Amino acid sequence: MNGLRRKILAVFAVMVCAGCSQTAALAPVGGAELGNLRYAVNDVLLEKGIEILVAPVCSGTGADIECAGETTDNEAITGSATSDDASTVEVKVGTDVLYSGSVQDVLDRNSTVGAP
C-alpha cells in the first residue's frame, strides 16, 4: 500500500510541477495597454514602410510605457504613451514624428488587413 501511495504522490507532483512551469511561461505577458501600444507602434512602422532591424520592445505601464527599437539605417525607433491610460501614442524614427494620436485608431485601421 505504501508503494501505491508513493506512485500516486509522484504522479501528482509531476502534474503540479508541469502546471507551474506553464504558468511561469505566461507570467511575462503584459496587460492590454502594453500589448495594444506595441501593436500600434509596429503597425505605424509598417504603414510608413520603415525597415526594421530591431523590432520595438515595450515596457512600463500607463503613461510610462516606452518602446525602443532600431531601423536598418541604425536610427532609433521610439514609441511613447502620451496619456495616463496609454490610449494615445507618439511614434518616432530618429527625431521625425511618424504618428501622434489614438492607439485604437491605428489598431482599427489595420485590423482588417488581409481579411477576406
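# Notebook: charges, loops and buried residues

I began with glutamate 75 and found it in the loop between strand S2 (66-71) and strand S3 (76-81). The model I am reading is a predicted one. Glutamate 75 has a relative accessibility of 35%, so I logged it as partly exposed. I then looked for charged company and noted a negative surface patch made up of Glu51, Asp73, Glu75 and Asp96.

**Overall layout**

I listed the elements of the protein chain next: three helices and five strands. Read from the N terminus, their order is α-α-β-β-β-β-β-α. The protein chain has 116 residues, and 27% of them count as buried. For the exposed surface I wrote down about 7,600 Å², with 58% of it supplied by carbon and sulfur atoms. I also checked contacts between residues at least 6 apart in sequence; 31% of these join residues at least 24 apart.

**Positive phi values**

Most residues other than glycine have a negative phi. I looked for exceptions and noted two residues.

Asparagine 74 has a phi near 65°. Asparagine 74 sits in the loop between S2 and S3, and I have glutamate 75 down for that loop as well. With a relative accessible area of 56%, asparagine 74 is exposed.

Alanine 86 is my other entry, with a positive phi of about 60°. I placed alanine 86 in the loop between S3 and strand S4 (88-93). Is alanine 86 buried or exposed? Its relative accessibility is 6%, so I entered alanine 86 as buried.

**Salt bridges**

Side chains of opposite charge can pair when their charged atoms come close. How many salt bridges does a search of the whole structure find? I got two.

One joins arginine 109 to glutamate 47, with the closest N and O atoms 2.8 Å apart. Arginine 109 belongs to helix H3 (residues 103-110) and glutamate 47 to helix H2, so this pair ties together parts that are 62 residues apart in sequence. I checked the accessibility of both partners. Arginine 109 is partly exposed at 40% relative accessible area, and glutamate 47 is partly exposed at 35%.

The other salt bridge is between the side chains of lysine 92 and glutamate 90, at 3.8 Å from N to O. Lysine 92 has a relative accessible area of 27% and is partly exposed. Glutamate 90, at 25% relative accessibility, also counts as partly exposed.

**Helix H2: aspartate 43 and glycine 35**

I went back to helix H2 (residues 32-47) for aspartate 43. Aspartate 43 is buried, yet I found no salt bridge for it. Which side chain of opposite charge is nearest to aspartate 43? It is arginine 109, 7.7 Å away. A salt bridge needs a side-chain nitrogen of Lys or Arg within 4 Å of a carboxyl oxygen of Asp or Glu. Arginine 109 does form a salt bridge, with glutamate 47. Leaving out residues up to four places away in sequence, I noted that aspartate 43 touches Val106, Leu107 and Asn110.

Glycine 35 is also in helix H2. Its relative accessible area is 19%; the cut-off for buried is under 20%, so I logged glycine 35 as buried. I looked up one distance from here: the C-alpha atoms of glycine 35 and cysteine 58 are separated by 8.3 Å, with their positions 23 residues apart along the chain counted as the spacing.

Note on methods. Residues are numbered from 1 along each chain as its sequence is written. This is a predicted model: local features need pLDDT of at least 70, side-chain atom pairs count only at pLDDT 80 or more; totals for chains, interfaces and linings use all residues. Side-chain values use heavy atoms; hydrogens and water are left out. Patches are made of residues with over 30% relative accessible area and no salt bridge: like charges are joined within 9 Å, nonpolar side chains (Val, Leu, Ile, Met, Phe, Trp, Tyr) within 5 Å. Accessible areas come from the Shrake-Rupley method with a 1.4 Å probe; for residues, only the protein chains shown count as cover. Lys and Arg count as positive and Asp and Glu as negative; His and the chain ends are not counted. The place of a charge is taken as NZ of Lys, CZ of Arg, CG of Asp or CD of Glu. Helices (H or I, at least four residues) and strands (E, at least two) are DSSP runs, numbered from the N terminus. Buried means under 20% relative accessible area, exposed over 50%, partly exposed in between (1.4 Å probe, protein chains only). Contact means heavy atoms within 4.5 Å.
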